[in-house]
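Student: Could you take a close look at one helix-to-helix contact for me, and then walk me outward from there? I'd enjoy one connected account that I can follow on screen.

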Amino acid sequence: MADNQLTKAQLKQLANKIVVAQGNIFIKELLRSSGAKIGTTKDDFSNNLAAAIDADLLSQNMLEAWLAEIEGWGDQHLYLIESPVVDAANLAGGIAASPHSDALNAVTSLEFPDALQLKQITLDADSLSMVWHQNKEGWNRWRPKDFVEEEGLERYRFDAYRQRFDRSIVRYAWNFGDPYCAILIHRNTEIDHGQVFEDVRAVLTAIGCPDAPFSRIPLNQAVKIAVTKSKGTHSARFELDAGYVEVASTLADGGIDAVEPVRVVLHNVDTSKFDRAQGMLHFAAEEDGTSRRLAVQVYGSEARLRIWAQCKREDVSQILKLLWDYDSES
Amino acid sequence: MNPSEAPERGWKAEIARRLEQGDGLEFTLAQFAQAVGTAAEDEALREFLNQAIESGTLKKIEAFRCPMPECKKVLSPAGAPYSTCPYCLTDYREEGVEVITETFYQLAGETSRDIRWMIVVHGMNSRAKWQEEFSWQIANRLRYSAPVLIYKYGWATIDVLVCWLHRKLAKRLGERMRIAIAQAEASRRPPRPDIIAHSFGTHLLSMVLTDPDFEDLKFGRVITAGSVIRPDFDWDSLIENGRVEAVLNHVGGKDKPVQIAQFAIPGTGPGGRVGYTAKKTINVCAPTFKHSDFFLTENLRTQIADGGLWHNFLTHPLEHFTPEGRLVPASWKRAPLVIRSATRGLGYALFAVFAPFSWLRRRLDP
């Protein structure tokens with residue numbers, strides 16, 4: 001995107017589109033994060049965004065980063081599940097006949113309703129992707145508003161929290177060529193993952209997939225192989241019911257491989273004796289083909305990843321491919 | 001010497017030590033200051049590290065640290081920006097705190113490597129008790145499991161005088177290596193064993209390396225001692241093609257048998273005295289060593305102890321591996337054909353005479 005530099009006038013046009021389509025609370029977050037004046041009305045937001053662009057407080061990169069966050073890739077949870085047993089060729093018909101037909105190929109929505117809502121279905125010859133939006137509340141500690149009050153002989157302390165709204169995205173992604181699907185869930189801790197699974201399942205059933213619970217694909221083997229093959233393993237924990245072994249690097253960049261005394265401990269661990277494995281893996285651009293170095297926590301027995309960094313769609317695909325390859329090794 | 005240069009010499013020595021050992025390549029200012037006995041606030045140290053960054057010796061990493069007192073864990077830039085701690089799971093926004101930015105320094109060098117498993121190949125006319133001693137020493141020396149495959153091909157005597165027996169022995173060695181590599185991989189060990197070979201065992205190793213049937217076999221670091229491999233053996237191609245990671249040729253300054261090897265054993269040469277001429281090999285001379293002195297118990301212990309030549313070669317990054325006694329071999333030419341033909345002829349004659357006895361002995365005492 002850096003190659004396609006917008007002029008300030010074009011940036012302002014883009015900002016206006018955001019003001020029209022986006023909820024006020026999120027524009028406030030954008031203005032606040034850029035250090036610009038905020039305002040209270042849509043007109044205020046539009047003027048203040050323009051002023052922030054003129055004052056170089058808000059750059060194209062910042063706007064794009066903000067929009068990329070809306071897209072919902074990275075800094076999230078990801079569950080790896082088995083693909084539905086359905087002929088992909090029948091999905092178009094299933095979607096058209098379902099109550100969700102209007103979401104097919106809908107333009108990217110910037111609305112985030114209070115309840116999880118399907119906003120977009122994308123179907124092509126190779127993949128099915130579905131996107132849900134939800135506005136989730138969070139609370140930021142806000143010390144300037146703290147106060148202490150005395151009532152009679154008692155003294156009370158009030159700790160202030162400022163309401164925050166997270167633009168939460170849930171995504172279901174299925175590349176027909178892959179033997180797995182992914183459900184990606186925003187990091188907000190208020191999101192009930194079980195409920196998300198039910199909502200995704202309901203939509204899949206409505207568009208013609210069999211109504212069956214999701215079958216998760218454990219990634220224990222992927223972690224076990226990654227610690228022996230990848231230089232980017234920062235921590236690994238191998239568990240069974242009666243105990244566990246945990247090894248970790250506390251370096252900023254180097255993994256277990258860079259810490260000899262820890263590395264040799266790992267040589268003595270027979271990982272095949274452990275039922276469950278989890279680990280913090282780093283995927284490097286040069287070695288793993290990701291766009292940047294990315295930290296991913298893999299919870300093997302839960303079939304869950306916690307991707308820590310913001311990243312691109314291609315990064316997620318690449319990480320899943322690498323993990324799948326690891327997981328397929330005996 | 002300027003008094004201000006004294007601490008800097010110590011800092012440089014510490015950097016050199018870390019690069020040489022491939023250990024402690026990443027550190028904070030405070031950690032490095034503690035290691036060199038200087039205060040972290042020392043501006044001269046900070047300036048020294050900044051200069052190291054400018055020279056490319058060091059890389060600066062802007063990382064983070066969890067601000068929660070009960071956590072304080074280092075957070076890699078690979079996961080930034082952090083709204084939650086991956087370890088203590090504190091939501092920083094809810095706590096009204098921010099991650100602490102912390103600078104790390106990373107030396108531009110390779111990390112150390114481990115001895116994961118080895119194959120040791122003995123020489124001729126020997127029961128090679130050193131192999132058992134080596135296996136025992138290495139098992140005691142390392143605090144982790146590193147299997148040693150002791151390859152024995154029997155008590156070879158006059159067998160070394162004829163080529164076709166070399167080929168037979170080398171085929172057996174290659175096949176055994178292939179089986180061992182497959183077994184190691186099944187046990188999640190690296191597919192490349194490190195090798196230690198002595199005397200005639202070095203010749204068998206060189207035959208395996210040049211045999212097209214064994215092109216699939218790849219090796220880690222190779223140590224040859226008392227080598228009878230020809231000094232002009234093409235190690236460089238093997239290293240460039242990834243067949244061998246690196247070669248250390250331990251030369252004995254008083255090794256006489258290797259000097260006469262080419263006159264008696266077809267295809268051999270005095271690599272263990274002259275050194276290898278291949279540029280990528282490392283020749284180190286022990287001036288007082290005779291042909292089998294490398295494997296005397298006390299010498300063996302010294303080689304594989306911390307700081308020992310073999311241990312350093314097998315575990316340290318090669319870029320900064322600068323052992324004492326490094327030998328730069330002069331150019332080498334084979335002995336005149338006439339002389340070699342004569343001595344070989346004598347060797348074949350000896351073989352013809354003694355082969356039945358040798359065969360009988362091998363049947364009774366392999």
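**A helix contact in chain B, and its surroundings**

Tutor: Happy to, and let's start right at the contact: from α5(B), the residues B:W130, B:E133, B:F134, B:Q137, B:I138 and B:R141 meet B:T297, B:L300, B:R301 and B:I304 of α11(B). By class, the residues of this contact divide into five nonpolar, two polar and three charged. Please keep in mind that this is a predicted model.

Now for the geometry of that pair. Helix α5 of chain B covers residues 129-141 and helix α11 of chain B covers residues 297-304; their axes come within 10 Å and cross at roughly 40 degrees. That angle makes α5(B) oblique to α11(B), because an angle has to lie in the range 65 to 115 degrees to count as roughly perpendicular, or under 35 degrees to count as roughly parallel. As for its hand, the crossing of α5(B) and α11(B) is right-handed. A general point helps when you look at the spacing of the contact residues: an α-helix has 3.6 residues a turn, so residues three or four places apart point the same way.

Staying in chain B, let's turn to another helix pair. Helix α6 (residues 163-186) of chain B and α7(B) have axes that come within 9 Å and cross at roughly 70 degrees. This makes α6(B) roughly perpendicular to α7(B). On the α6(B) side, the contact is made by B:H166, B:R167, B:L169, B:A170, B:L173, B:G174 and B:M177. Facing them from α7(B) are B:F200, B:H203, B:L204, B:L205, B:M207 and B:V208. Here the residues divide into nine nonpolar, three polar and one charged.

The start of α7(B) brings us to a backbone detail. B:S199 sits in the loop between β7 (194-198) and α7 (200-210) of chain B. Its phi is positive, at about 50 degrees, although B:S199 is not a glycine. Is B:S199 buried or exposed? With a relative accessibility of 6%, B:S199 counts as buried.

Chain B has another backbone feature to look at. B:A80 and B:P81 are joined by a cis peptide bond, with omega about 0 degrees. You will find B:P81 in the loop between β3 (74-75) and α4 (92-95) of chain B.

Let's move across to chain A, beginning with its overall picture. Chain A has ten helices and twelve strands, and its C-alpha atoms fill a box of roughly 65 × 60 × 50 Å along the principal axes. Of the 330 residues in chain A, 47% are buried. Among contacts in chain A with a separation of 6 or more, 59% come from residues 24 or more positions apart. The accessible surface of chain A comes to about 16000 Å², and carbon and sulfur atoms account for 50% of that surface.

Chain A also offers a helix pair to inspect. α7(A) and helix α10 (residues 313-328) of chain A pack at an angle of about 95 degrees, and their axes are 7 Å apart. The two helices, α7(A) and α10(A), are therefore roughly perpendicular to each other. From α7(A), the contact uses A:N220, A:Q221, A:A222, A:I225, A:A226 and A:K229, while α10(A) supplies A:L323, A:Y326 and A:D327. These residues divide into five nonpolar, two polar and two charged.

α7(A) turns up again in the packing of α8(A). In helix α8 (residues 260-267) of chain A, the residues A:V262, A:R263, A:V264, A:L266 and A:H267 are buried. The buried residues of α8(A) pack against α7 (220-229), β8 (233-240) and β9 (243-248) of chain A.

Finally, two loop residues on either side of α4 in chain A. A:D56 is found in the loop between α3 (42-54) and α4 of chain A. Phi of A:D56 is positive, near 60 degrees, in a residue other than glycine. At 58% relative accessibility, A:D56 counts as exposed. A:G72 is placed in the loop between α4 (60-71) and β1 (74-81) of chain A. With 7% relative accessibility, A:G72 counts as buried. Apart from its neighbours within four places in sequence, A:G72 is in contact with A:I169 and A:R171. As a distance check, the C-alpha atoms of A:G72 and A:N140 are separated by 21 Å, with the two residues 68 apart along the chain.

Note on methods: Residues numbered from 1 in each chain as written. Chains lettered and ligands numbered in written order. Predicted model: local features only at pLDDT ≥ 70, side-chain atom pairs only at ≥ 80, totals over all residues. Heavy atoms only, no water. Axes fitted to C-alpha atoms, helices over the stretch in contact; angles between N-to-C directions. Helix = DSSP H or I, 4+ residues; strand = E, 2+ residues; numbered from the N terminus. Parallel < 35°, antiparallel > 145°, perpendicular 65-115°, else oblique. Left-handed = near helix turned anticlockwise from the far one by under 90°. Contact = heavy atoms within 4.5 Å. Nonpolar A, V, L, I, M, F, W, Y, C, P; charged D, E, K, R; others polar. Buried < 20%, exposed > 50% of the residue type's maximum accessible area, 1.4 Å probe, protein only. Areas by Shrake-Rupley, 256 points an atom, 1.4 Å probe, with all protein chains shown as cover.
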